[in-house]
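Please examine the sequence and the model shown below before reading on. The explanation then proceeds from the whole chain to selected parts of it.

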Amino acid sequence: LGARLHGALNQLSRASVVDDTVIDALLKELCAALLEADVNVKLVSQLRTKVKAKVKKSLEEAEKAGGREANKKNVVQKAVFDELVSLVDPGTEPYKPVKGKTNVLMAVGIQGAGKTTTCTKLAVHYQRRGFRSCLVCADTFRAGAFDQLKQNATKAKIPFYGSYTETDPVAIAALGVEKFRKERFDVIIVDTSGRHKQESELFEEMVAIGEAVRPDMTIMVLDASIGQAAEGQSRAFKDSADFGAIIVTKLDGHAKGGGAISAVAATKTPIIFLGTGEHLHDLERFAPQPFVSKLLGMGDVQGLVEHMQDMARANPDRQKDLAKKLEQGKFSIRDWREQLSNIMSMGSLSKIASMIPGLPAGMMDGGEEEAGAKLKRMIFITDAMRQDELDSDGTIFVSFDKAGNPIGLNRRAKRVARGSGTSVREVEELLAQARMMAGMARQAGGQNGWMSTMQKMQ
Ligand code: GDP
Ligand code: MG
């Protein structure tokens with residue numbers, strides 16, 4: 001999906017004039033890509049109408065203001081971006097766990113959706129952010145459910161509660177939450193049972209558990225591979241046991257994740273995380289704007305900074321001053337290089353690569369090998385740099401005219417390209433990334449950090 005959307009936008013940027021033919025071609029490709037990803041036909045056709053109307057209106061305004069073609073391209077790109085965002089943004093804010101109180105989260109969904117796995121991932125996620133987290137197994141329906149949760153929790157070093165003898169899930173949930181509340185845990189996550197289908201018995205059980213533990217947030221866990229059935233399933237759950245957030249799992253397979261978007265539209269409920277694998281760390285925070293930005297190949301610099309901060313927290317020895325540097329807004333090419341090699345050494349490369357702005361379209365579809373090869377080339381570039389160049393912010397590679405305006409890359413950049421067996425274009429890419437990281441570092445934690453970065457990039 002990403003590669004196709006990015007390709008469509010590239011075509012736009014190559015067009016010499018922005019006329020109806022160009023816009024129609026873009027819209028056609030955009031809609032085809034969305035349909036292929038299993039987004040509901042009705043939603044796609046609404047999107048098409050809206051983008052068209054928006055583009056028309058904005059182009060008329062741009063025309064009046066004596067718009068150049070370049071401006072018009074931005075207008076079209078922005079309309080596409082905004083409408084894609086509104087497709088995944090229900091306009092309601094999900095609950096965010098608060099420090100200093102006990103936050104109870106409850107997962108619901110059909111059997112096999114990924115609830116138990118996701119509950120553990122969530123516990124790890126919050127634990128890492130300084131919330132004391134724990135798990136309660138209220139699944140007495142599936143044989144071995146408690147053993148599974150116990151195994152996951154033990155592996156993740158998360159305290160858990162459950163029972164082999166008690167058969168009433170409501171009683172277990174109530175006891176578990178009560179126990180952990182007394183022990184002043186910050187985040188208590190209640191895992192519930194599922195059934196093979198939506199069944200009244202399941203809904204009754206969910207409602208009863210909900211009444212017993214009064215969750216601050218009920219999360220519906222949705223398997224991406226069910227495609228457009230996500231709409232009906234989420235509606236059925238919403239009608240019986242209201243939920244305030246969605247987590248879409250199994251997006252790492254060849255699932256057509258677009259179906260889940262229909263669930264968001266149908267239930268007006270925000271997606272908060274994506275499950276992207278079976279491992280504990282395969283959980284990505286979801287937010288509409290960065291998600292669309294990644295889809296369109298614009299990267300997700302804020303996500304990257306957050307990821308780096310996470311890694312710094314997980315390896316305090318190895319990265320002890322990164323967090324500080326990020327806070328102070330100091331970020332040299334050497335820092336970027338260090339991050340790149342950390343990225344290489346851990347976690348899913350294709351996932352991370354999709355967060356780096358300006359990498360070739362489709363790299364996230366190309367898989368681990370391709371992403372790894374690209375990251376390696378980026379490191380080769382830094383390997384060819386001298387000490388003072390590494391310690392710089394990258395300005396050292398730029399030539400300026402007498403008035404102080406940048407006029408292009410200098411001989412240093414050419415030397416580095418030659419020395420690393422890459423191209424000046426790739427060196428330029430890396431410098432742009434380091435620059436963006438530095439800019440982002442300056443704003444990390446800032447209110448509108450991500451938006452202002454996006455604006456600067458356009
Ligand atoms: P539950 O019945 O809803 O509790 O589902 P489980 O948590 O037991 O998960 C069912 C299966 O899906 C297990 O084999 C999990 O490892 C797998 N699973 C869960 N989340 C993901 C994911 O994001 N990606 C992949 N590939 N597998 C997942
Ligand atoms: Mg389970």
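The following paragraphs describe the chain as a whole, its sheet, the surroundings of its ligand, a pair of helices and some individual residues.

The model considered here is a predicted one. Its chain has 458 residues, of which 43% count as buried. The secondary structure comprises 20 helices and ten strands. Among the contacts in the chain with a separation of 6 or more, 72% are between residues 24 or more positions apart.

A suitable place to begin is the sheet. Eight strands form this open sheet, and their order across it is β3-β2-β4-β1-β5-β6-β7-β8. The pairing of the strands is mixed. At the edges are β3, residues 160-161, and β8, residues 283-285, each of which pairs on one side only. Helix α7, formed by residues 169-182, packs on the sheet and touches β1 (103-108), β2 (133-138), β3 and β4 (187-192). The direction of α7 makes an angle of about 165° with that of β2. Another helix, α8, consists of residues 200-213 and lies across β1, β2, β4 and β5. Helix α8 runs at about 175° to β1.

One pair of strands within the sheet may be followed in detail. Strand β5 (residues 217-223) and strand β6 (residues 245-249) run parallel and are joined by five bridges. In one of the pairings between them, I219 has A245 in β6 as its bridge partner.

The ligand is the next subject. Which residues are the closest to ligand 1? They are G114, K115, T116, T117 and G275, and the surrounding shell has 19 residues. Helix α5, which spans residues 115-128, gives the most to this shell, with three residues. By character, the shell around ligand 1 divides into twelve polar, five charged and two nonpolar residues.

Two further helices form a contact of their own. The axes of α9 (residues 229-240) and α10 (residues 258-267) come within 7 Å and cross at roughly 35°. The crossing of α9 past α10 is right-handed. On the side of α9, the residues that take part are A230, E231, S234, R235 and K238. They meet G259, A260, S262, A263, A266 and T267 in α10. The residues of this contact divide into four nonpolar, four polar and three charged.

Three individual residues complete the account. Is V41, in helix α3 (residues 41-64), buried or exposed? V41 is exposed, because 12 other C-beta atoms lie within 10 Å, and a residue counts as exposed if that number is 12 or fewer. The C-alpha atoms of V41 and I219 are separated by 26 Å, and the two residues are 178 residues apart along the chain.

The other two residues lie in loops and have positive phi values. K157 is located in the loop between α6 (145-156) and β3. Phi of K157 is near 55°, a positive value in a residue other than glycine. K157 has 9 C-beta neighbours inside 10 Å and therefore counts as exposed. R184 is found in the loop between α7 and β4. Although R184 is not a glycine, its phi is positive, at about 60°. R184 is likewise exposed, because 10 other C-beta atoms lie within 10 Å.

How values were computed:
Residues are numbered from 1 along each chain as its sequence is written. Chains are lettered from A and ligands numbered from 1 in the order in which they are written. This is a predicted model: local features need pLDDT of at least 70, side-chain atom pairs count only at pLDDT 80 or more; totals for chains, interfaces and linings use all residues. Two strands pair if DSSP finds at least two bridges between them. Helices (H or I, at least four residues) and strands (E, at least two) are DSSP runs, numbered from the N terminus. Two residues are in contact if their C-beta atoms, placed from the backbone, lie within 7 Å. Axes are lines fitted to C-alpha atoms, for helices over the stretch in contact, and angles run from 0 to 180 degrees between N-to-C directions. A residue is near a molecule or strand if its C-beta atom, placed from the backbone, lies within 6 Å of it. Ala, Val, Leu, Ile, Met, Phe, Trp, Tyr, Cys and Pro count as nonpolar, Asp, Glu, Lys and Arg as charged, and the others, Gly among them, as polar. A crossing is left-handed if the near helix is turned anticlockwise from the far one by less than a right angle, and right-handed if clockwise. A residue is buried if 20 or more other C-beta atoms lie within 10 Å of its own, exposed if 12 or fewer, and partly exposed in between; C-beta atoms are placed from the backbone.
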